[in-house]
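Got your viewer open? Let's take a walk through this one, a stop at a time.

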2 protein chains.
Amino acid sequence: MTRTIKLTLRYDGTAYGGFAPQPNAVTISALLREAIRRATGEVPRLAVAGRTDAGVHARGQVVSFSTASRIPADRFPHALNAHLPHDVVAVAAEEVPPAFHARYDAVSKVYSYTIDNSPFPDPLLRRYAWFVPQPLDLGAMRAAAALLVGRHDFAAFRSTGGAAKTSVRTLHRLEVAEVPGAPVVGRLLRIEAEADGFLYNMVRILAGTLVEVGLGRRSLDDVRAALATGDRTRAGRTAPPHGLCLEAVRYPE
Amino acid sequence: MTRTIKLTLRYDGTAYGGFAPQPNAVTISALLREAIRRATGEVPRLAVAGRTDAGVHARGQVVSFSTASRIPADRFPHALNAHLPHDVVAVAAEEVPPAFHARYDAVSKVYSYTIDNSPFPDPLLRRYAWFVPQPLDLGAMRAAAALLVGRHDFAAFRSTGGAAKTSVRTLHRLEVAEVPGAPVVGRLLRIEAEADGFLYNMVRILAGTLVEVGLGRRSLDDVRAALATGDRTRAGRTAPPHGLCLEAVRYPE
């Protein structure tokens, strides 16, 4: 009997060439496929909710695959973790209806982007936060974020290389918060973005744009113009990958 | 002219043999001494607020030393970071009165101890949190913490090897909190301890004791007995070093 398994994964992306298969890098999908092969004897076709890039992390990545193995669904994390490295961890698994697809069935995804806004980089965050030493105007960043929330054509906020047919997306939330429990020096900012889908590099370009607004290098009018024209050069730079983390993927109840 | 400099340091202790000089390990003090030598030409005698062990981290370690160099006090972080690895960062420096001593003048120290209380370890926290998969009774941990706060003989809460003459300390705070922004699976706990001074391994034994109480393996009466008898075997295990972080050192205003 074939079942479909929905698997939730966490990983530290530092050492890897992203999720999707690649010729010259160790990828999360290759590690996961091999772990499934060793646990079940099968080489599954994987569906993944978010194809994270090299260096990007995940706390709530979702993968689905079908299997004929008899491993109980809730034992899959144990079975797979025995064959996964310490920086890739299966944290939950459940059986879902046969037609379930981790990407197509997702109704929204939540990403975080972390910024170490201190005069000197915090060594404990060097793999997980973008170090931006200059002062950032949080109010301006939030005003820009408010312009971006909603259903828009985000053509200016994607890198070439994505395969999406339309660049219209609904950005449900784009929040900029100071993380409580402040360090002794500086502060930690966290951008949280939730959308029905993200274009290639979209969260990193949103983060780069908000930071440039926070630095005073880009205005709210620039953000409006980026949305209106779809011109990539009107949006900010692509923020580095290591600040990005796929936090959660939501599905219909 | 000789000046005394008070330097604040952050470090990821993962790769190092602790702060204090050791024959067969790279230590934070050796790195710092070498960075000062390269920046000033002098080999200083360092005073340090907290002699953190191998694997222990710091966000607010304080070191003092005297120097005849003409580097302006507030330029020391830049000057030293040029010669320090990425996981050891000077974040602040100021000139202080000549007699200032980072350890003797400290009125209190604040340590955090982080616990990844999830069914499976979070790979993003594997260097910074103790993974405890079993359910923890937060209420019981807080009740035990309340017993420990105050001026007590903490003889049961120290490892052999410390040089302290008395084991009486005042524990100002011992708080157990759930870190907000919960991950998708499990939860993150943070113990924060502030005292006028800590015995050797004291925070790690406090953390180990609170966790054993949270697991139901040790009772509040055990904690009372540990305090009353000074018997090390009545307190809990020494929690692993990587969950521990020296957050801040306080000095008289």
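Before the first stop, one term: two strands count as paired if DSSP finds at least two bridges between them. With that in hand, select strand 8 (residues 168-178) and strand 9 (residues 187-195) of chain B: they run antiparallel and are joined by seven bridges. Keep in mind as you look around that this is a predicted model.

**Stop 1: strands in chain B**

Stay on that pair and pick out Leu174(B). Which residue stands opposite Leu174(B) in strand 9 of chain B? It's Ala193(B). Now add strand 7 (residues 150-153) of chain B, which pairs with strand 8 of chain B in the antiparallel sense over four bridges. To see one position in that pairing, click Asp153(B); opposite it, in strand 8 of chain B, is Val168(B). While your side chains are switched on, a handy thing to know is that in a regular strand they alternate between the two faces of the sheet.

**Stop 2: helix 3 and helix 4 of chain B**

Next, select residues 138-148 of chain B for helix 3 and residues 202-214 of chain B for helix 4. Their axes come within 8 Å and cross at roughly 140°. That angle makes helix 3 of chain B oblique to helix 4 of chain B. The crossing is right-handed.

Who makes the contact? On the helix 3 side of chain B, show Ala140(B), Met141(B), Ala144(B), Ala145(B) and Leu148(B). On the helix 4 side of chain B, show Leu206(B), Leu210(B), Val211(B), Val213(B) and Gly214(B). Colour them by class and you get nine nonpolar residues, one polar and no charged ones.

**Stop 3: helix 3 and helix 5 of chain B**

Keep helix 3 of chain B and bring in helix 5 (residues 220-229) of chain B. These two pack at an angle of about 20°, with their axes 10 Å apart. Why call helix 3 of chain B roughly parallel to helix 5 of chain B? Because angles under 35 degrees count as roughly parallel. Here too, helix 3 of chain B passes helix 5 of chain B in a right-handed crossing.

From helix 3 of chain B, the residues to show are Ala140(B), Ala143(B), Ala144(B), Leu147(B) and Leu148(B). They meet Leu220(B), Val223(B), Arg224(B) and Leu227(B) in helix 5 of chain B. By class, that contact holds eight nonpolar residues, no polar ones and one charged.

**Stop 4: where the chains meet**

Zoom out and show both chains. How many residues does each chain bring to the contact? Chain B gives 32 residues and chain A gives 32 residues. Between them the two chains bury about 2,500 Å², 65% of it on carbon and sulfur atoms. Select Arg10(B), Phe120(B) and Leu124(B): they supply 31% of the area that chain B buries against chain A, more than any other three residues.

**Stop 5: over to chain A**

Now select strand 7 (residues 150-153) and strand 8 (residues 168-178) of chain A, an antiparallel pair with four bridges. Click Arg151(A), and its bridge partner in strand 8 of chain A is Thr170(A). Add strand 9 (residues 187-195) of chain A, which runs antiparallel to strand 8 of chain A and is joined to it by seven bridges. Arg173(A) has Glu194(A) as its bridge partner there.

Last, select helix 3 (residues 138-148) and helix 4 (residues 202-214) of chain A, whose axes come within 8 Å and cross at roughly 140°. This crossing is right-handed.

Key: Residues are numbered from 1 along each chain as its sequence is written. Chains are lettered from A and ligands numbered from 1 in the order in which they are written. This is a predicted model: local features need pLDDT of at least 70, side-chain atom pairs count only at pLDDT 80 or more; totals for chains, interfaces and linings use all residues. Side-chain values use heavy atoms; hydrogens and water are left out. Axes are lines fitted to C-alpha atoms, for helices over the stretch in contact, and angles run from 0 to 180 degrees between N-to-C directions. Angles under 35 degrees count as roughly parallel, over 145 as roughly antiparallel, 65 to 115 as roughly perpendicular and the rest as oblique. A crossing is left-handed if the near helix is turned anticlockwise from the far one by less than a right angle, and right-handed if clockwise. Contact means heavy atoms within 4.5 Å. Ala, Val, Leu, Ile, Met, Phe, Trp, Tyr, Cys and Pro count as nonpolar, Asp, Glu, Lys and Arg as charged, and the others, Gly among them, as polar. Buried area is the accessible area (1.4 Å probe) that two parts lose on being put together, summed over both.
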